[in-house]
Amino acid sequence: MTIQTVSLNKSHGGMQGVYRHASRETGTDMTFSVYVPPHEDGARLPVVWYLSGLTCTHANVTEKGEFRRSCAELGLIFVAPDTSPRGDGVPGDPQNAYDFGLGAGFYVDATEQPFARHYRMWSYVTEELPKLVAEHFPVDAVRQSIFGHSVGGHGALTVALRHPDRYRAASAFSPIVAPSQVPWGIKALGGYLGDNKQAWRKHDAVALIEDGARFSDLLVDYGDADSFLAEQLRPELLQAACEKAGIPLNLRRQAGYDHSYYFISTFMDDHLRWHAARLEA
């Protein structure tokens, strides 16, 4: 599998790259970023996967996430894919809304037309891109973790819960924890997966836990000034599900913070150190 280098920039002794490749899963070109920290020749490094939220590309966290200093210190590779397929012929929301279609793939493999051909973000982020990254970067196949923001937090939690043996750590900033129960998720899951709500449960962290999925422990931060908190995020539902299932959850309410990258960048170092502790050899 080949990749095209879009840009390379040295940062904190490591290299921040942006890359493009032709995706088999989405049938489009896909762009992603990878930060590789300074390391000795031949070393294999732990990798953290970061899934972004609505309207975002790889660029949002790459440019605003403030993760490179910590990753350089901790020796972590940081991978950030796009949030949906893009390009000519890729259908978006008929009403051009921001919460469905382009920029809003919701990390599912769509089964409904006209989205089924290109919107295969689940298989892209769990299968195709990891194989591509392993081929081109010095990643340790065993030491992997995942986190994300908002819809990306939803994606990270569901990926971890469905692949608990693949990821040593999982965390989230302001995740949508129960998309089957909130407007963003109902629109997206219905549009991509159809009316069969049983199929939705595989992409709903709370439902997965209710259905028996488990993970070692979880870290979730949210801001109490987040305008989406009450209607879309519903962290109390995750707390209740984890308590019932016996999953250790560190749910942190951060006073005065909103949904933006000002919030994410503030607590990025905390999350990376939490991941690094679980990624130690």
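**Figure 1. Overall size of the chain in the predicted model.** A compact globule of 281 residues would have a radius of gyration near 19 Å, and the chain has 18 Å, so the two agree. Taken along the principal axes, the C-alpha atoms fill a box of roughly 50 × 45 × 35 Å. Ten helices and nine strands make up the secondary structure.

**Figure 2. Burial and contacts within the chain.** Of the 281 residues, 59% count as buried. Among contacts with a separation of 6 or more, 73% are between residues 24 or more positions apart.

**Figure 3. The largest nonpolar core, with 66 residues.** In soluble globular proteins, nonpolar side chains tend to be buried together. Here F32, I146 and Y192 touch the most other members of the core. Helix α3, residues 121-136, supplies the largest share of this core, with seven residues.

**Figure 4. Surroundings of I146.** Leaving aside residues up to four places away in sequence, I146 touches W49, L51, A156, V159 and A160. The list also includes Y167, A169, A170, S171 and H275.

**Figure 5. Another core, apart from the largest one.** This core has 20 residues. Y50, F67, F147 and A276 are among them.

**Figure 6. The exposed surface and the charged side chains.** The chain exposes about 11500 Å², and carbon and sulfur atoms supply 47% of this area. There are 26 positive and 33 negative side chains in the chain. The centres of these two sets lie 3 Å apart.

Conventions
Residues numbered from 1 in each chain as written. Predicted model: local features only at pLDDT ≥ 70, side-chain atom pairs only at ≥ 80, totals over all residues. Heavy atoms only, no water. Core = buried A, V, L, I, M, F, W, Y, C linked by side-chain atoms within 4.5 Å. Buried < 20%, exposed > 50% of the residue type's maximum accessible area, 1.4 Å probe, protein only. Helix = DSSP H or I, 4+ residues; strand = E, 2+ residues; numbered from the N terminus. Contact = heavy atoms within 4.5 Å. Rg over C-alpha atoms; globule rule 2.2 N^0.38 Å. Areas by Shrake-Rupley, 256 points an atom, 1.4 Å probe, with all protein chains shown as cover. Lys, Arg positive; Asp, Glu negative; His and termini not counted. Charge placed at Lys NZ, Arg CZ, Asp CG, Glu CD.
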